[in-house]
Amino acid sequence: MVCYYLSEWLGITDGFKAIWIEEDREQLKGKGKDKDILRNLQFTRRYIRGKNVVLLDDVLTTGESFRQLQRKMKQLGALSVIGVFLGKTI
């Protein structure tokens, strides 16, 4: 609901359906220890191509997840990608 209300308030497209989880992270346990956080995600290009993208997340730890998502968004045609985080681990 946050994406819906925020996009309404800002007058921008709600991109909540742009990324969805194909497999739960719990289901991925034991399938390798690589750091590819994108392997269980699917993307809908029409929400991304030609757009300035804002990624919302609860916590920033190392920034690696954001970097991978930012790179993928640009590969899919995003004009720019910024991240908004509610907290940071230390």
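This briefing walks you through a pocket and a pair of strands in the structure above. Keep in mind that the model is predicted. The largest pocket holds about 1,300 Å³ of space, and β3 gives the largest share of its lining, nine residues. That strand is also joined to β4 by eight bridges, so let's take the pocket and the strands in turn.

**The largest pocket**

- Rolling a probe the size of a water molecule over the atoms shows where empty space is left.
- The largest pocket encloses about 1,300 Å³.
- It is lined by 41 residues, and the closest to its centre are C3, I19, V54, L55 and L56.
- Two or more lining residues come from each of these elements: α1 (2-10), β1 (19-21), β3 (52-60), α3 (64-75) and β4 (80-88).

**What the lining is made of**

- By residue type, the lining of the largest pocket has 25 nonpolar, nine polar and seven charged residues.

**The strands β3 and β4**

- β3 and β4 run parallel, with eight bridges between them.
- To get from β3 to β4 the chain passes through α3, making a β-α-β crossover that is right-handed.
- Look for V54 in the model: I82 in β4 stands opposite this residue.
- You can also find L56, whose bridge partner in β4 is V84.
- Both V54 and L56 are listed among the residues closest to the centre of the largest pocket.

Terms used
Residues are numbered from 1 along each chain as its sequence is written. This is a predicted model: local features need pLDDT of at least 70, side-chain atom pairs count only at pLDDT 80 or more; totals for chains, interfaces and linings use all residues. Side-chain values use heavy atoms; hydrogens and water are left out. On a 1 Å grid over the protein atoms alone, a cavity is a set of points where a 1.4 Å probe fits but cannot get out, and a pocket is an open set with protein on both sides within 12 Å along at least five of seven lines; lining residues have an atom within 4 Å of a point. Grid points are joined across faces, edges and corners, and a volume is the space filled by probe spheres set on the points. Helices (H or I, at least four residues) and strands (E, at least two) are DSSP runs, numbered from the N terminus. Ala, Val, Leu, Ile, Met, Phe, Trp, Tyr, Cys and Pro count as nonpolar, Asp, Glu, Lys and Arg as charged, and the others, Gly among them, as polar. Two strands pair if DSSP finds at least two bridges between them. A crossover is right-handed if, with the strands pointing away from the viewer, the path from the first strand over the helix to the second runs clockwise.
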